[in-house]
Amino acid sequence: MSDMTYRDAINLALKEEMRRDPNVVIFGEDVALYEGSFKVTRGLLSEFGEERVRDCPISENTIVGVAVGAAMGGLRPVPELMTVNFALLAMDQIVNHMAKVRYMFGGQTVLPMVIRMPGGGGSQLGAQHSQSLETYFMHCPGLRVAYPATPADAKGLLKTAIRDDNPVIFLEHEILYNSKGYVPDDPEFLVPFGKAAILREGSDVTIVGYGRMSILALQAAAELEKAGISCEVIDLRTLNPLDEESFISSAQRTGRAVIVEECWRTGGLGGDLASRISERCFDRLLAPVKRVSGLDVPMPYSRKIEKICIPQVNTIVQAVHDLYSEKY
């Protein structure tokens, strides 16, 4: 095990998979000479050369389209989009081609490609560069969606994604790049898709999160423990496939559930999860399912107002307290 950052864990996963499989190639804006906007691709050009690590023009639609063609031709491309916000320029390639090629060819071709995309708010990057668009992708059949919260999962999920024969959207939260944790050194360490992680066991409330929200949920659980409330924290890891049994069985046992998501509340993932819990746990719930979501507004630049728009530890703590204080 090695103690490393989320950023370095992703970098290590890329290196290991490129060493293992010569068909793995990387391209995108500033990924080669500049080594990535967030320095995730550091050292890849010097080790693997420009045949496998290439800078591209500023054209996200072209980057994804080239990756689709390369994957159909036998390569395993891992393109990087500078930010998930720029994926909006490539949605035709993502939704109409990347997600559907394997289905429309009747399974006669596979599409082993992974789009890495940093995203999320909290860095004062303004309304157009701070969005959480994960529900856009998980809404589309044919796409797998991974969103790691810890350095170990960042490595293990990305290696699984690269080896998968299906197209994968791999989301990375920009605030997590400097977070640290222990990561297995084993180059065969993989984290399976569709298997959530129980980050903390508890008996009173189930808190479900993913990405950075899982980390905030853990911090909230530590605060709530001081008030005598035992929280079970579940990190979904992958949004498609979704490990429904993980949070259903937990909610059935605790009788209370809080969903934490950074994306906008309207049409967000939390509504889907709350519906699944209500459908399968209705007679076991002691209170309605709570949702802690991002506010339905464009992200402001002001640090103070931006913080209000994104779930914080105190808002998660308050949501759990509300489950006990409100009368139903």
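**View 1. A salt bridge joins E244 and R276.** In this predicted model, the side chains of E244 and R276 meet in a salt bridge, with 2.7 Å from N to O. E244 sits in helix α9 and R276 in helix α10, so the pair ties together parts that are 32 residues apart in sequence. The two ends differ in their surroundings. E244 is buried, with a relative accessible area of 19%. R276 counts as partly exposed, at 27% relative accessibility. Why can such side chains pair at all? Side chains of opposite charge can do so when their charged atoms come close.

**View 2. Helix α9 has buried residues and neighbours that cover them.** Helix α9 runs over residues 244-254. Its buried residues are E244, S246, F247, I248, S250, A251 and T254. What covers them? The cover includes three strands: β10 (205-209), β11 (231-235) and β13 (257-264). It also includes helix α10 (269-281). An α-helix has 3.6 residues a turn, so residues three or four places apart point the same way. Just after α9 comes G255, which takes a positive phi of about 85°.

**View 3. K159 and E17 form a buried salt bridge.** The structure holds 23 salt bridges. One of them joins K159 to E17, and their closest N and O atoms are 2.6 Å apart. K159 lies in helix α7 (residues 151-163), while E17 lies in helix α1 (residues 6-20). The pair therefore ties together parts that are 142 residues apart in sequence. Are these two residues buried or exposed? K159 is buried, and E17 is buried too.

**View 4. E225 and R200 link a helix to a strand.** A salt bridge brings the side chains of E225 and R200 together, at 2.9 Å from N to O. E225 belongs to helix α8 (residues 212-226). R200 belongs to strand β9 (residues 197-200). The two residues are 25 residues apart, and the pair links distant parts of the chain. E225 counts as exposed, at 52% relative accessibility. R200 is partly exposed, with a relative accessible area of 22%.

**View 5. Shared partners build a salt-bridge network.** Which residues are joined into one network? They are E16, E17, R20, K155, K159, R163 and E188. Salt bridges that share partners make the connection.

**View 6. Three strands form an open sheet.** The sheet has 3 strands in the order β3-β2-β4, with parallel pairing. Strands β3 (53-55) and β4 (76-77) stand at the edges. Each has a single partner strand, so one side of each is left without a neighbour in the sheet. Strand β2 (residues 24-28) runs parallel to β3, and 3 bridges join them. Within this pairing, I26 of β2 stands opposite V53 in β3. Helix α3 (residues 60-72) packs on the sheet and touches β2 and β4. The direction of α3 makes about 165° with that of β2.

**View 7. Two buried cysteines stay unpaired.** A disulfide is a covalent bond between the sulfur atoms of two cysteines. How many disulfides are counted here? The count comes to 0. Take C140: its sulfur is 17 Å from the closest cysteine sulfur, in C263, which is too far for a bond. C140 is buried, with a relative accessible area of 7%. Now take C231. Its sulfur is 17 Å from the closest cysteine sulfur, in C281, again too far for a bond. C231 is buried as well, with a relative accessible area of 1%.

Conventions:
Residues are numbered from 1 along each chain as its sequence is written. This is a predicted model: local features need pLDDT of at least 70, side-chain atom pairs count only at pLDDT 80 or more; totals for chains, interfaces and linings use all residues. Side-chain values use heavy atoms; hydrogens and water are left out. Two strands pair if DSSP finds at least two bridges between them. Helices (H or I, at least four residues) and strands (E, at least two) are DSSP runs, numbered from the N terminus. Contact means heavy atoms within 4.5 Å. Axes are lines fitted to C-alpha atoms, for helices over the stretch in contact, and angles run from 0 to 180 degrees between N-to-C directions. A disulfide is a pair of cysteine sulfur atoms within 2.5 Å. Buried means under 20% relative accessible area, exposed over 50%, partly exposed in between (1.4 Å probe, protein chains only). A salt bridge is a side-chain nitrogen of Lys or Arg within 4 Å of a carboxyl oxygen of Asp or Glu.
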